[in-house]
Structures are given as C-alpha cells and as structure tokens.
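Please load the model in your viewer and keep the selection tool at hand. The tour moves from the whole chain to individual side chains.

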Amino acid sequence: MKRKTCVELMNFNPELLPNKPARRTRAPAPDLEEKTKSYKPLEDVLGKSLLVLFIGINPGLRSSEVGHHFAGHTNHFWPCLSESGLVNKKLTYADDKSLAKDYRLGLTNLAGRPTRNAAGLTIDEQKMGIPGALAKIRASKPLIVCFVGKGNYELFSGKRKCELGEQEDRIFWDSTDGKGDVFEFEGEEDPLEKTRRNKGYSSVFVMPSTSGLVSHYQKKDKVLFFQALKRFLDKQLQAEEHDKT
C-alpha cells in the first residue's frame, strides 16, 4: 500500500501524519526562550506564478532583528543563490523583498517563531506550519518548491527519510476543502499563470540547510545544490514550453 504524503493531504490535520520516532530536540534555555518571545516573525516573499518557492525551517534571531530572510552572518543562502544562475547579479538579504518581482522566487518558512537554531523549535510547532505552507503553495503556484533542509522536508512530507535533490513527489494545488486559496495576489492573471494552473502541481527539490551551523556541507558543497536546482528548473521550463505547443 502506497504511503500517503503531504501532497495527498491538502485538507491537512497534523495528527494524520504517520507515526514516527520522536526526534531529539534540545529545548532552548529558559533565558533564551524568554528572549525569543520578543522577536517578530518575518514577512513572506510571495507572488503569482513563482518559479521557485524556498521553504526554510524558521527564521534565525538576526533575520528577525533586521527583518530579512537568511540574514545570519554565517548563513550561505545568499552567496549560494548569487552563484546559482537563478539570479543575474550578487544579492544579499537586503534584496529579499524584490525576489518575487525581479526573479519569480519566493521565500517562506515552515515555522514562524524565530530561534537561535532549529533545535529551539518543537516538532509540534513545525507540524502546525504545514497547512499554511500548503496554502501558500496553492496560491503562488510555483514550478518548484525547494525545501531548505533535509529534515524540513521529511517532517513536511511525513517520510522517514528522503534523499537530497530532485524528488518524485508532487504537491498539487487543488484545494479539497472547498474554500479555495487562502492567499490572493493583486494584478491580472498572466499567460504563464494560466499554463501553470492547467499543470496543477509543483515539483519538489530538497537541499541541505544553508545555516553555517550545519557542518556536514560547506559553502562550496551547497552551491552545487543551488546549481542543480537551476538545472532542474530549466528542465521544468522546457517541459512547460513544450506543453504550450
């Protein structure tokens, strides 16, 4: 019997996820937990017919302080994105708000509460962010949803283990609850959106966390995943162009 993943659970209930061994998570120290209560969640960067929607785990403390995504001093997201071919110039966290308009790239997180690291989150906090993430995917209809962090996608999908890179999974946009999309964007529907809507799903790509605290992959290794994402996107765009003819 085929295991259900999140792509089949549009009307999501966290209790429906397959039972899996609880991961060890280190609770933040009391003084740090108290400190993080004053930090604000980040605003999502979303738009119509995105090419790629990046989904992180949650904002770091510095990102919350400055109000920009992946703003940690040692985070490799922006250097890697700049070398990926997905953008045409060097970008920093200060450019995050223009990503959707300039490059059709979006940014969001599974959990909204900022912490020093992912260990400061509970599994339940992360699971409760899944319905919102699905709603954002349905609304922005990206060609690819890129999960930044292997454990991030394993929790989202309910899989015990996944490999990095391209996934066979698809995340469908049609809502089964009869309520339609939660998020709406201003402006007229463009031809790309009409084609994308007919396709009906986003492909999935998984890359390592870009946090400098993750020592398994160095910056030069992470760049390779961003470049692989660009090649995956090119294949998707070619297929979309073929569907138009």
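## The whole protein

Begin with the molecular surface: the protein exposes about 13,000 Å², and carbon and sulfur atoms supply 49% of that area. The model is a predicted one. Of its 245 residues, buried ones make up 49%.

Now switch to a cartoon representation. Nine helices and five strands are present, and from the N terminus on they run in the order α-β-α-α-α-β-α-α-β-α-β-α-β-α. If contacts are drawn between residues at least 6 apart in sequence, 81% of them join residues at least 24 apart.

## The nonpolar core

In soluble globular proteins, nonpolar side chains tend to be buried together. Which residues have the most contacts inside the largest nonpolar core? Select V52, F54, L81, L99, F147, F156 and L229, which hold that position within a core of 49 residues. Helix α9 contributes the largest share of this core, with seven residues.

Next, select the cysteines C80 and C146. C80 is buried, with a relative accessible area of 0%, and C146 likewise counts as buried at 0% relative accessibility. A search for disulfides across the whole structure returns zero.

## The aromatic cluster

Keep F54 selected and add F70, F77, W78 and F226; ring pairs link these residues into a cluster. A pair of aromatic rings is described by the distance of the centres and the angle of the planes. The count of aromatic pairs in the structure comes to 11. In one of them, the ring centres of F54 and F77 are 5.1 Å apart and the planes stand at 85°; with angles over 60 degrees counting as edge-to-face, the F54 and F77 pair is therefore edge-to-face. F54 belongs to strand β1 (residues 52-56) and F77 to helix α3 (residues 77-82), so this pair ties together parts that are 23 residues apart in sequence. F54 and F77 are both buried.

From F77, proceed to F226. These two rings also form an edge-to-face pair, at 5.6 Å centre to centre and with 75° between the planes. Because F77 lies in helix α3 and F226 in helix α9 (residues 219-244), the pair ties together parts that are 149 residues apart in sequence. F226 is buried, as is F77.

## N58, in the loop after β1

Select N58, which is located in the loop between β1 and α2 (61-66). Is this residue buried or exposed? N58 has a relative accessible area of 13% and is buried. Leaving aside residues up to four places away in sequence, N58 touches N109, A111, R113, P114, T115, A118 and L121. Two polar partners merit display. The N58 side chain reaches the backbone oxygen of R113 at 2.8 Å, and makes a polar contact of 2.9 Å with the side chain of T115. A C-alpha to C-alpha distance from N58 to L110 gives 6.1 Å, although these residues are 52 apart in sequence.

## Helix α7

Select residues 150-157, which form helix α7. Six of the eight residues in α7 are buried, so the helix is largely enclosed by the rest of the structure. The buried residues of α7 are N152, Y153, E154, L155, F156 and S157. Where do they pack? Show β1, α5 (123-128), α6 (130-140), β3 (144-148), β4 (165-172) and β5 (201-207), since the buried residues of α7 pack against these elements. Directly after the helix, inspect G158, whose phi is positive, near 85°.

## D169, in strand β4

The last stop is D169, placed in strand β4. D169 is buried, with a relative accessible area of 13%. Apart from residues up to four places away in sequence, D169 touches Y153, K159, S202, S203 and V204. Which side chains make polar contacts with that of D169? One is Y153, at 2.4 Å; another is K159, at 2.7 Å. Y153 was met above among the buried residues of α7. To finish, set a distance between the C-alpha atoms of D169 and S202: they are separated by 8.8 Å and lie 33 residues apart along the chain.

Technical notes. Residues numbered from 1 in each chain as written. Predicted model: local features only at pLDDT ≥ 70, side-chain atom pairs only at ≥ 80, totals over all residues. Heavy atoms only, no water. Phe/Tyr/Trp six-rings, centres within 6.5 Å; stacked < 30°, edge-to-face > 60°. Helix = DSSP H or I, 4+ residues; strand = E, 2+ residues; numbered from the N terminus. Buried < 20%, exposed > 50% of the residue type's maximum accessible area, 1.4 Å probe, protein only. Core = buried A, V, L, I, M, F, W, Y, C linked by side-chain atoms within 4.5 Å. Disulfide = S-S within 2.5 Å. Contact = heavy atoms within 4.5 Å. Polar contact = N/O pair within 3.5 Å; in protein donor to acceptor, adjacent residues only side chain to side chain. Areas by Shrake-Rupley, 256 points an atom, 1.4 Å probe, with all protein chains shown as cover.
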